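Trainee: I should like to learn how to read the features of a structure that I have not seen before. May we take them one at a time?

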Amino acid sequence: MAEKSFDLIVIGAGPGGYVAAIRGAQLGLSVAIVEREHLGGICLNWGCIPTKALLRSSEVFHLMHRAAEFGLKADNIGYDLDAVVKRSRKVAGQLSGGIGHLMKKNKVTVFMGAAKLAGKGKVSVKTDKGSEDLTAKNIVLATGARARNLPGLEADGKRVWMYKDALQPPHMPKKLLVIGSGAIGIEFASFYNTLGADTTVVEVMDRILPVEDEEISKFAKKQFEKQGMKIMQKAVVKQLDRAADKVTAHIEVGGKIEKQEFDTVISAVGIVGNVEDLGLEEMGVKVDRTHVVTDEYCRTGVDGLYAIGDIAGAPWLAHKASHEGVMVAELIAGKHAHPVKPESIAGCTYCHPQIASVGYTEAKAKELGFDVKVGRFPFIGNGIALGEPEGMIKTVFDAKTGELLGAHMVGAEVTELIQGYVVGRQLETTEEDLMNTVFPHPTLSEMMHEAVLDAYGKVIHM
């Protein structure tokens, strides 16, 4: 079969890969994209999009129970789990289908199959119909990552689940164990707990949401416990004994083993990069703990070969992957490209209450040698009209320059608010700029202003 030549071949059609393909095509490159499963990747099909759709349903369910607080009436409140899941899958399917349209619109050639590097500038694709040999001067690896499976804690899809199982559950958990309290674990714990599952979260670190600022983690833990969750920190699930209708978890905490029975377990203990069967070793690509090693421009060290998104390491976020895709496409097209700075990428967790952050935590800023000024403002001073008084906003500034080093939030709609601080950091905003900005009233965003004022002893409403 004759080789098909392109300027750029992208391997993987997730939020990094398909964006890289579109931007490359916009810049006049002939582009091919190879995807072995779903256009849109994990994010659109089995990750952030369907998960957020589920969490929206549980949020509405939660608010329905609070109807009387708002002077409303809602009787016989209930839910249909199958219908909730069906909506989530419909949302995912609609967006995934949209990616196919975008590929056609931008004249990106799509190959559905498994890709492997076959030498410098060469990609072999195994499809249902046979194989395709592709060539390009530039190749972008965007193969993403998958959930980590720990020995003895492997999912079976029945009583022990990974994220895919939790997104289309075979049953509604009555007593649920969630292993891991990162964004994925906490989001599923929040969803099922809100729908009535007796939920326990086990975290090996000394606090939940360990990448977040310590104050935010502690605040979130109190809120989750108020909602009935049980949180076990500095604890390890050592073993799962499986039966037809239950799982017995052996949990080590404080040097002792506790045995607890659950009807469902969700394992959310991190991810591993999809680096297998790509021909990386033969090409001399360096891989460190399942992630391809790159420089700040996502170059692998092999001429013309780039890696973006989850396969290239933390932070494992769709928006990081997308911006890396744009950057690499522009670099390949000879444009001036700006590297993506991990510390300027916001993280969002769509549990209840929501959590969002950007930049350095207070502890990290101090570790890096900054003299810091810290401001805080509670939701009780603003969110009460919305009916959401539980939350806080925290800002961290460089005391010498006024640079916004970090912002950390927990509470209603903070995943929408965080972008204000993201823009501020991108524009190298100082505390003076933020203080002189007029925030609209009455909005939750006013708390962002107050948290800045508080860092400098000028807070008004507290």
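Trainee: Which strands does helix H11 lie across?

Mentor: To place a helix on a sheet, one lists the strands beneath it and then compares directions. In this predicted model, H11 (414–426) lies across S20, S21, S23 and S24. The helix runs at about 10° to S21.

Trainee: In what order do the strands of that open sheet stand?

Mentor: The order is read from one edge to the other. Here five strands follow one another as S20-S21-S24-S23-S22, and their pairing is antiparallel.

Trainee: Why is one side of S20 and of S22 left without a neighbour in the sheet?

Mentor: S20 (347–349) and S22 are the edge strands, and each has a single partner strand, so one side of each lacks a neighbour in the sheet. From one strand to the next, the twist averages 10°.

Trainee: How many bridges pair S22 with S23?

Mentor: Seven bridges link S22 and S23, in the antiparallel sense. One may also follow the pairing residue by residue: Phe377 stands opposite Ile393 in S23.

Trainee: Which strands does helix H7 touch?

Mentor: H7 (residues 214–226) packs on this sheet and touches S21 (354–359), S22, S23 and S24. Its direction makes about 0° with that of S24.

Trainee: Let us turn to burial. Is helix H13 largely enclosed or open?

Mentor: Burial is judged residue by residue, with under 20% relative accessible area as the cut-off. In H13 (residues 446–455), ten of the ten residues are buried, so the helix is largely enclosed by the rest of the structure. Charged residues are included: Glu446, Glu450 and Asp454 are among the buried ones, as are His449 and Leu453.

Trainee: What do the buried residues of H13 pack against?

Mentor: They pack against both strands and helices: S22 (372–378), S23 (392–398), S24 (404–411), H11 and H12 (431–435). Just after H13, the backbone at Gly457 takes a positive phi of about 70°.

Trainee: There is also an open sheet of three strands. How is it ordered?

Mentor: Its order is S12-S13-S14, with antiparallel pairing. S12 (235–242) and S14 (256–262) are the edge strands, each pairing on one side only. Neighbouring strands are turned by 25° against each other on average, direction ignored.

Trainee: How many residues join S12 to S13 in the hairpin?

Mentor: A hairpin is read as two strands and the turn between them. Four residues make the connection from S12 to S13. These two strands run antiparallel and are joined by seven bridges. Along them, Ala235 stands opposite Val253, and Val236 faces Glu252.

Trainee: What lies between S13 and S14 in their hairpin?

Mentor: Two residues lie between them, and Gly254 in the turn has a positive phi of about 65°. Seven bridges pair S13 with S14 in the antiparallel sense, and His250 stands opposite Lys259 in S14. S13 itself is mostly covered, with five of its seven residues buried.

Trainee: Finally, the surface. Which residues form a nonpolar patch there?

Mentor: Leu63, Phe70 and Leu72 form the patch, and together they have about 260 Å² of accessible area.

Trainee: Is Leu72 buried or exposed?

Mentor: A residue counts as exposed over 50%. Leu72 is exposed, because its relative accessible area is 54%. Leu72 lies in the loop between H3 (48–65) and H4 (81–105).

Technical notes. Residues numbered from 1 in each chain as written. Predicted model: local features only at pLDDT ≥ 70, side-chain atom pairs only at ≥ 80, totals over all residues. Heavy atoms only, no water. Patch = residues over 30% accessible without salt bridge, like charges linked within 9 Å, V, L, I, M, F, W, Y side chains within 5 Å. Areas by Shrake-Rupley, 256 points an atom, 1.4 Å probe, with all protein chains shown as cover. Salt bridge = Lys/Arg side-chain N within 4 Å of Asp/Glu carboxyl O. Buried < 20%, exposed > 50% of the residue type's maximum accessible area, 1.4 Å probe, protein only. Pairing = 2+ DSSP bridges. Axes fitted to C-alpha atoms, helices over the stretch in contact; angles between N-to-C directions. Contact = heavy atoms within 4.5 Å.
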